[in-house]
Amino acid sequence: MDKNDIQILVAAAEHERYVDTILDTIAEAAKVRGTGIARRTHEYLATKMREAKAVIALDGDRFAGFSYIETWGNKRYVTTSGLIVHPDYRGQHLAKRIKDMTFTLARTRWPHAKIFSLTSGAAVMKMNTALGYQPVTFDDLTDDEAFWRGCEGCINYPVLKERNRKFCICTAMLFDPEEHLPVKLPQEVVERIKKIDNA
């Protein structure tokens, strides 16, 4: 398979048929790595797709990878989450392409929001650093309770709770848009987002 044949798209309602495969792939990857991950439902990811808050990678009609966006604290903070590449497509730099597109989507939709990441994965930390994220303390992240409730499904949640949300296994990283130039998505994606946001 040629990595150049894999399309990286802003997901839409038509991609809901991949949600169960995405959820299974995320769960399997967490099990293999022995790391925690916040669990999401079918409807949650389907809604992200319908709202143009997700990115999907497809090789023809085969699922290759995925990530989605969440907003917190009255849209002052954004996370790009759930980055996953199907095992058949690993080792092709696909995670970076998905991360770059999700990051660009987040910056285009919420240009003044701070984008943050909680991760225990070295590869994600490396990608975040290349995009301009800096390591920060947990106090620099959103205080939105809904975000922190999402951590309850992670196997490492007892550590976070025991440390009063000041520390966990994950590393906190933050991108401050005030320190970087703006970015742009293709015009057809921008128009689709405008329609969704104005509906």
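1. A salt bridge is counted here when a side-chain nitrogen of Lys or Arg lies within 4 Å of a carboxyl oxygen of Asp or Glu. The model is predicted, and by this rule eleven salt bridges are found in it. Three of these pairs are taken up below, followed by a charged residue without such a partner.

2. Arg 50 and Glu 43 form a salt bridge through their side chains, with N to O at 2.4 Å. Arg 50 is partly exposed at a relative accessible area of 34%, and Glu 43 is likewise partly exposed, at 43%.

3. Glu 51 is paired with Lys 53 in a salt bridge, and the closest N and O atoms are 3.2 Å apart. Glu 51 is partly exposed, its relative accessibility being 28%. Lys 53 has a relative accessibility of 15% and so counts as buried, since the limit for that term is under 20%.

4. A salt bridge also joins the side chains of Arg 109 and Asp 197 (2.4 Å, N to O). Because Arg 109 lies in helix H3 and Asp 197 in helix H7 (residues 187-198), this pair ties together parts that are 88 residues apart in sequence. Arg 109 is buried, with a relative accessible area of 11%; Asp 197 is partly exposed, with a relative accessibility of 48%. Elsewhere, Glu 16, Glu 43 and Arg 50 are joined into one network by salt bridges that share partners.

5. Which residue is buried yet has no salt bridge? This is Arg 107, found in helix H3 (residues 94-109). The nearest side chain of opposite charge belongs to Glu 178 and is 8.8 Å away, whereas a salt bridge requires the atoms to be within 4 Å.

6. What is Arg 107 in contact with, leaving aside its neighbours within four places in sequence? The residues are Ile 115, Phe 175, His 180, Leu 181, Pro 182 and Val 183.

7. Arg 107 also helps to line the second largest pocket, which has a volume of about 190 Å³. Glu 178 is another lining residue, so both members of the unpaired couple in point 5, 8.8 Å apart, border this pocket. The lining includes His 180, Leu 181, Pro 182 and Val 183, which are also among the contacts of Arg 107. Other lining residues are Thr 108, Pro 111, His 112, Pro 177, Lys 184 and Val 190. By class, the lining has six nonpolar, three polar and three charged residues.

Key
Residues numbered from 1 in each chain as written. Predicted model: local features only at pLDDT ≥ 70, side-chain atom pairs only at ≥ 80, totals over all residues. Heavy atoms only, no water. Helix = DSSP H or I, 4+ residues; strand = E, 2+ residues; numbered from the N terminus. Buried < 20%, exposed > 50% of the residue type's maximum accessible area, 1.4 Å probe, protein only. Lys, Arg positive; Asp, Glu negative; His and termini not counted. Contact = heavy atoms within 4.5 Å. 1 Å grid on protein atoms, 1.4 Å probe; cavity = no way out; pocket = protein on both sides within 12 Å on 5 of 7 lines; lining within 4 Å. Points joined across faces, edges and corners; volume = space filled by probe spheres on them. Nonpolar A, V, L, I, M, F, W, Y, C, P; charged D, E, K, R; others polar.
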